[in-house]
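Me: I should like to go through the reasoning behind several descriptions of a protein model. Please set each value against its criterion.

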Amino acid sequence: MVIDFAKIEQREAYGWMINSVGPRPIAWVSTLSASGITNLAPFSFFQAVSTNPPVLMFVPVNNRDGTKKDTLVNIESRKQFVVNLVSFKDSQVMNQSSMALPHEESEFEAFKIHSTPSLKVSPPRVSSAAVAFECVLHDVYPVGSNTNVVFGRIVSAYVDEAVLAGDGFPDPAKLDLVGRMGRDTYARTTERFDLGRP
Ligand SMILES: Cc1cc2nc3c(=O)[nH]c(=O)nc-3n(C[C@H](O)[C@H](O)[C@H](O)COP(=O)(O)O)c2cc1C
């Protein structure tokens, strides 16, 4: 079959894309509001896009009522955020933190998620995350009327030394990251294979 994307509604495009493109990595993004309230939410439209400068991107889509998600509001205000990576042990609480809480409520407090102060940015990191990238806002690129791509330049990273391999970089097996697939399905990274570069 062929899907003519010129003829389908956004909801259907979402269904085809979200259930086909995967597994997607998950950015667990911590931010701080203008009044100092912490916020935490997962985003699976997420990728590393550049190493010079070192830049990550993720994509907050507006709420159904057209308002911006708290994460974007906070980033536009403070110009800083932390991308925490999600290991299997954190997957349940990561999912909980996707609940739409009022702007004045912190997911860290609501779900008793431990935070640790960051080194170079004001939003804290998730204490249990093995890797956390502290970012300053590089750019926000609007796509259509309800989507914004947020680019963040990494200024510092926390890395739990327990996940490092012999070469000093993270070992995928020790990181035990999860990925988002279609519907409510996630992927673990316990089954892996190597391919030598040709
Ligand atoms: C695994 C996972 C991935 C998600 N990915 C996205 C995403 O890429 N973009 C998005 O707008 N919302 C995504 N969401 C939904 C947001 O996490 C949710 O709307 C959250 O309430 C936003 O929080 P905030 O308003 O505090 O920013 C995802 C949820 C889950 C559980």
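The exchange below concerns this predicted model.

Me: What makes the protein as compact as a globular protein of that length?

Reply: The protein has five helices and 11 strands. Its radius of gyration is 17 Å, close to the 16 Å that the globule rule gives for 198 residues, so the protein is as compact as a globular protein of that length. The C-alpha trace spans about 50 × 50 × 35 Å along the principal axes.

Me: How many of the residues count as buried, and what is the criterion?

Reply: A residue is buried if 20 or more other C-beta atoms lie within 10 Å of its own. Of the 198 residues, 30% count as buried.

Me: Why are S2 and S3 said to stand at the edges of the sheet?

Reply: The open sheet of seven strands runs in the order S2-S1-S5-S8-S9-S4-S3, with antiparallel pairing. S2 and S3 (46-51) each have a single partner strand, so one side of each is left without a neighbour in the sheet. Neighbouring strands here are turned by 35° against each other on average, direction ignored.

Me: How do you know that S1 and S2 pair?

Reply: Pairing requires at least two bridges between two strands. S1 (residues 27-32) and S2 are joined over six bridges in the antiparallel sense; Leu-32 stands opposite Thr-38 in S2.

Me: Which elements give two or more residues to the shell around the ligand?

Reply: The ligand is surrounded by 17 residues, the closest being Ala-41, Phe-45, Lys-69, Asp-70 and Thr-71. Strand S2 (38-43) and helix H2 (70-78) are the elements in question, and S2 gives the most, with four residues.

Notes. Residues are numbered from 1 along each chain as its sequence is written. This is a predicted model: local features need pLDDT of at least 70, side-chain atom pairs count only at pLDDT 80 or more; totals for chains, interfaces and linings use all residues. The radius of gyration is taken over C-alpha atoms; the globule rule is 2.2 Å times the number of residues to the power 0.38. A residue is buried if 20 or more other C-beta atoms lie within 10 Å of its own, exposed if 12 or fewer, and partly exposed in between; C-beta atoms are placed from the backbone. A residue is near a molecule or strand if its C-beta atom, placed from the backbone, lies within 6 Å of it. Axes are lines fitted to C-alpha atoms, for helices over the stretch in contact, and angles run from 0 to 180 degrees between N-to-C directions.
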